[in-house]
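The exercises below ask for careful reading of a structure. Each task is followed by a solution that goes step by step.

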Amino acid sequence: MTYRTLSDVDLSGKRVLIRVDLNVPLDGTRVTDDTRIRRILPTVEAVIAAGGKPILLAHFGRPKGKRVPEMSLSVVIGALSSAAGRTVIFADDCIGDAAAHAVEALETGEILLLENTRYHAGEEKNDSEFAKALAANGDVFVNDAFSAAHRAHASTVGIAEYLPAVAGPGMAAELSALEKALSVPERPVVAVVGGAKVSTKLDLIGNLLDKVDAVVIGGGMANTFLAAQGISVGKSLCEHDMLDTAREIMGRAEAAQCELILPIDVVVAEAFAAQAPNKTVPARECPDDMMILDAGPDSVAAIIARFKASKTLVWNGPLGAFEIEPFDFATNAAAKAAADLTAAGALLSVAGGGDTVAALNASGSGERFSYVSTAGGAFLEWLEGKTLPGVAVLES
Ligand code: AMP
């Protein structure tokens with residue numbers, strides 16, 4: 001896929017509307033993690049260096065087309081200004097006179113932040129009049145919010161009808177990492193698909209079967225696959241209504257010559273609780289009154305062996321109930337092995353999805369992966385093989 005980037009447009013003296021992701025976590029009105037803010041700075045600096053005036057467009061929370069004061073983007077002004085070391089001007093609307101006056105008054109080197117796009121119902125409806133009103137404040141549109149690219153909204157898709165549209169450096173880096181992992185990967189490719197339920201990851205597994213050489217199934221969803229083979233899983237989380245689906249997936253994997261790797265041994269516990277009494281048993285021997293909460297050491301060894309035999313790894317979802325000790329063992333051990341192989345130059349590792357990022361961060365290995373996508377829904381839809389509308393409008 002080829003898409004236009006900042007270097008394809010002349011930004012000198014231009015008003016540059018940059019779609020960013022500013023959904024930062026808050027404690028009251030205090031920004032508790034400014035990762036997302038720091039991620040947009042290279043883009044803002046590149047625009048300023050090229051002589052452009054950066055005007056930030058973003059949504060914040062889900063105000064559903066109404067002005068909800070608690071969801072005002074004004075809450076990030078301080079954190080943005082101190083991270084950027086620049087003056088941040090705020091306009092209390094993203095369209096109309098308030099925005100137009102602020103754009104007009106913007107001095108070189110300043111950053112203009114426009115109010116929450118979702119205060120207008122036209123945003124989520126991708127309304128063309130609203131998109132046109134957004135576009136009126138810029139000469140160029142830069143989309144740097146991969147995390148919002150799976151939604152066809154006015155500030156991600158509609159606006160591109162009215163302005164030259166290019167990918168920002170953050171978007172371009174994300175797309176390049178994802179392409180290396182799945183579109184044009186070095187083989188063999190192994191995928192890890194974990195998490196709670198098969199039902200939420202059907203499309204994802206379906207797409208992966210045709211693209212990768214092996215899929216490690218982990219977490220609660222592995223229980224459903226074990227049950228589909230007639231294995232008793234006791235009190236484990238298991239979708240008993242998905243057994244036929246799991247069998248169908250196993251059949252498709254065989255036809256596609258994609259190996260499905262299921263746990264050989266498991267850690268079973270009496271309850272879903274930290275330090276609950278537990279033991280390791282063969283996957284076929286889960287006691288009736290216990291539940292599987294993690295993959296066992298033999299399973300982890302098999303997963304690591306598979307990583308060692310692969311050149312590319314795509315990871316979504318934990319291998320066990322990683323939030324509660326000691327059931328974070330398999331996720332942590334496999335993540336560390338992947339990070340070590342990556343550091344040694346033997347593996348390209350790409351991971352993403354909300355819980356996955358949390359799990360990899362908790363394991364301390366995430367930062368040594370080749371790329372960790374913080375985009376939840378967009379990353380999953382991309383893994384499912386879907387065209388992301390916010391990316392499609394940037395294609396050249
Ligand atoms: P997901 O949102 O589908 O990626 O699922 C992540 C959740 O799955 C986490 O909250 C884990 O605690 C949970 N999970 C993983 N393995 C198990 C398991 N064996 N039993 C119950 N929950 C699990």
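A salt bridge is a side-chain nitrogen of Lys or Arg within 4 Å of a carboxyl oxygen of Asp or Glu. The model used here is predicted.

**Exercise 1. Salt bridges**

Task: State how many salt bridges there are by this rule, and describe the pair formed by Glu123 and Arg19.

Solution.
- Step 1. The rule gives a count of 14 salt bridges.
- Step 2. In the pair Glu123 and Arg19, the closest N and O atoms are 3.8 Å apart. The cut-off is 4 Å, so a pair at this distance is accepted.
- Step 3. Arg19 belongs to strand S1 (residues 15–19) and Glu123 to helix H4, so the salt bridge ties together parts that are 104 residues apart in sequence.
- Step 4. Glu123 and Arg19 are both buried.

**Exercise 2. Two further pairs**

Task: Find where the partners lie in the salt bridge of Asp203 and Lys386, and in that of Asp340 and Lys336.

Solution.
- Step 1. Asp203 and Lys386 meet through their side chains in a salt bridge, at 3.8 Å from N to O.
- Step 2. This pair links distant parts of the chain, 183 residues apart: Asp203 is in helix H7 (residues 202–209), and Lys386 is in the loop between helix H13 (376–383) and helix H14 (389–392).
- Step 3. Asp203 has a relative accessibility of 47% and therefore counts as partly exposed. Lys386, at 37%, is partly exposed.
- Step 4. For Asp340 and Lys336, the closest N and O atoms of the salt bridge are 2.9 Å apart. Both residues lie in helix H11, four residues apart, which is about one turn of the helix.
- Step 5. Asp340 is partly exposed at 31% relative accessibility, and Lys336 is partly exposed at 45%.
- Step 6. Through shared partners, salt bridges join Asp203, Glu384 and Lys386 into one network.

**Exercise 3. A charged residue without a salt bridge**

Task: Glu110 has no salt bridge; find the nearest side chain of opposite charge and its distance.

Solution.
- Step 1. Locate Glu110: it is in the loop between helix H3 (96–105) and strand S6 (111–114).
- Step 2. Glu110 is buried, and the nearest side chain of opposite charge is that of Lys53, 7.7 Å away. A salt bridge has to be within 4 Å, so this pair does not qualify.
- Step 3. Look for other polar atoms. A polar atom of the Glu110 side chain lies 3.0 Å from the backbone nitrogen of Glu107.
- Step 4. List the contacts. Neighbours within four places in sequence being left aside, Glu110 is in contact with Pro54, Thr87, Ile89 and Ala105.

**Exercise 4. Helix H1**

Task: Compare the reach of H1 with the expected value, and say where its kink lies.

Solution.
- Step 1. H1 covers residues 35–49, which is 15 residues.
- Step 2. From first C-alpha to last, H1 reaches 22 Å, close to the 21 Å expected at 1.5 Å a residue.
- Step 3. The kink is at Leu41, shortly before the proline Pro42, and is about 30°.
- Step 4. The buried residues in H1 include Ile37, Ile40, Leu41 and Val44.
- Step 5. After H1 comes Gly51, with a positive phi near 90°.

**Exercise 5. Backbone exceptions**

Task: Which residues are joined by a cis peptide bond, and what is the phi of Asn126 and of Gln275?

Solution.
- Step 1. Recall the usual case: most residues other than glycine have a negative phi, and most peptide bonds are trans.
- Step 2. Arg187 and Pro188 are joined by a cis peptide bond, with omega about 0°. Pro188 is in the loop between helix H6 (169–183) and strand S9 (189–193).
- Step 3. Glu325 and Pro326 are also joined by a cis peptide bond, again with omega about 0°. Pro326 lies in the loop between S15 and H11.
- Step 4. Asn126 has a positive phi, near 55°. Asn126 sits in the loop between helix H4 (121–125) and helix H5 (128–135) and is partly exposed, with a relative accessible area of 25%.
- Step 5. Gln275 has a positive phi, near 60°. Its place is the loop between strand S12 (265–269) and strand S13 (278–282). Gln275 is exposed, because its relative accessible area is 53%.

Methods. Residues are numbered from 1 along each chain as its sequence is written. This is a predicted model: local features need pLDDT of at least 70, side-chain atom pairs count only at pLDDT 80 or more; totals for chains, interfaces and linings use all residues. Side-chain values use heavy atoms; hydrogens and water are left out. Helices (H or I, at least four residues) and strands (E, at least two) are DSSP runs, numbered from the N terminus. The expected span of a helix is 1.5 Å times one less than its number of residues. The bend at a residue is the angle between axes fitted to the seven residues ending there and the seven starting there. Buried means under 20% relative accessible area, exposed over 50%, partly exposed in between (1.4 Å probe, protein chains only). Lys and Arg count as positive and Asp and Glu as negative; His and the chain ends are not counted. A polar contact is a pair of N or O atoms within 3.5 Å; within protein, one must be able to donate a hydrogen and the other to accept it, and residues adjacent in sequence count only if both atoms are side-chain atoms. Contact means heavy atoms within 4.5 Å.
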